[in-house]
Amino acid sequence: MNANWYDRHLLPHLLDFACGMKPIRRQREIIVPQARGRVLEVGIGTGLNMPFYDKSRVRYILGVDPALQMHRLAAKRIARAGLDVELIGVMAETLPLEAGSVDTVLSTYTLCTIPDPVKALREMRRVLAPGGRLLFCEHGRAPDESVRRWQDRLQPHWQKIAGGCHLGRDIPALLETAGFRCDALQTRYLPGPRPFTYNYLGEAIPA
């Protein structure tokens, strides 16, 4: 199968299915309604968060994602949600926004695929207004050594079929390196194979 054809036509639907499964959807239901004001959603993908925004709290949403092939599916969900959303195809490492221009940054199952997550997180910190928060829900490095070994074994093969996804990124360490302080963090395995399902959910503020 041609890799470009796979990335353009098949991968968006596979990711949409995987990231829309019930355990992941429940995590979105927890974190997304907390967004308020001017929102930057990093890695908006196919728009799976759209049904969970609280319209009474959100002024507008800027959704960024360099995977333009995802935007068509995202646009359909945006239209159904009735939210004021602008989609732009840029990388999180180079956000075209002024410093202090957003109240909430939302990242759900996105840090795993960003090529330089620390640089991207520093950009997210830069654009947050005083009092702003980063809300996140991510999968990543498991606490159990046996699971981490499987994450390492699977990684070379997994990233080829999953859009560059990294199974074992240490989300709290990335946040700290990028200058965030994480005051609220929930961690647990979601239902499913453990190398893929260790989940981090919480909020962080600039340190």
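User: Which residues gather in a patch of positive charge on the surface?

Analyst: This is a predicted model. In it, Lys22, Arg25, Arg26 and Arg188 form the patch. Helix 2, residues 22-31, gives the largest share: three residues.

User: What makes the charge of this patch positive?

Analyst: Lys and Arg count as positive. The members are Lys22, Arg25, Arg26 and Arg188.

User: Why is Lys22 called partly exposed?

Analyst: Lys22 sits in helix 2. Its relative accessibility is 46%. Partly exposed lies between 20% and 50%. So Lys22 counts as partly exposed. A patch residue needs over 30%, and Lys22 has 46%.

User: Is Arg77 buried or exposed, and why?

Analyst: Arg77 belongs to helix 3, residues 71-81. Buried means under 20%. Arg77 has 19%, so it counts as buried. The side chain of Arg77 also reaches the backbone oxygen of Thr46, at 2.8 Å.

User: What makes that a polar contact?

Analyst: The cut-off is 3.5 Å between N or O atoms. The Arg77 side chain and the Thr46 backbone oxygen are 2.8 Å apart, within that limit.

User: How do you know that Arg38 and Asp103 meet in a salt bridge?

Analyst: The limit is 4 Å from a side-chain nitrogen to a carboxyl oxygen. Here the N to O distance is 2.9 Å. That is within the limit, so the pair counts. Arg38 lies in strand 1 and Asp103 in strand 4, so the bridge ties together parts 65 residues apart in sequence.

User: Why is Asp103 called buried, and Arg38 partly exposed?

Analyst: The line between the two classes is 20%. Asp103 has 12%, so it is buried. Arg38 has 22%, so it is partly exposed.

User: What makes Arg149 and Glu145 a salt bridge?

Analyst: Their closest N and O atoms are 3.4 Å apart. The cut-off is 4 Å, so the pair qualifies. Both residues are in helix 5, four residues apart, so about one helical turn separates them.

User: Why is Glu145 called exposed, but Arg149 partly exposed?

Analyst: Exposed means over 50%. Glu145 has 51%, so it counts as exposed. Arg149 has 41%, so it is partly exposed.

User: How many salt bridges are there in the whole structure?

Analyst: A search finds six. One of them joins Arg181 and Asp183, with the closest N and O atoms 2.9 Å apart. Asp183 has 53% relative accessibility and counts as exposed. Arg181, at 41%, counts as partly exposed.

How values were computed
Residues are numbered from 1 along each chain as its sequence is written. This is a predicted model: local features need pLDDT of at least 70, side-chain atom pairs count only at pLDDT 80 or more; totals for chains, interfaces and linings use all residues. Side-chain values use heavy atoms; hydrogens and water are left out. Patches are made of residues with over 30% relative accessible area and no salt bridge: like charges are joined within 9 Å, nonpolar side chains (Val, Leu, Ile, Met, Phe, Trp, Tyr) within 5 Å. Accessible areas come from the Shrake-Rupley method with a 1.4 Å probe; for residues, only the protein chains shown count as cover. The place of a charge is taken as NZ of Lys, CZ of Arg, CG of Asp or CD of Glu. Helices (H or I, at least four residues) and strands (E, at least two) are DSSP runs, numbered from the N terminus. Buried means under 20% relative accessible area, exposed over 50%, partly exposed in between (1.4 Å probe, protein chains only). A polar contact is a pair of N or O atoms within 3.5 Å; within protein, one must be able to donate a hydrogen and the other to accept it, and residues adjacent in sequence count only if both atoms are side-chain atoms.
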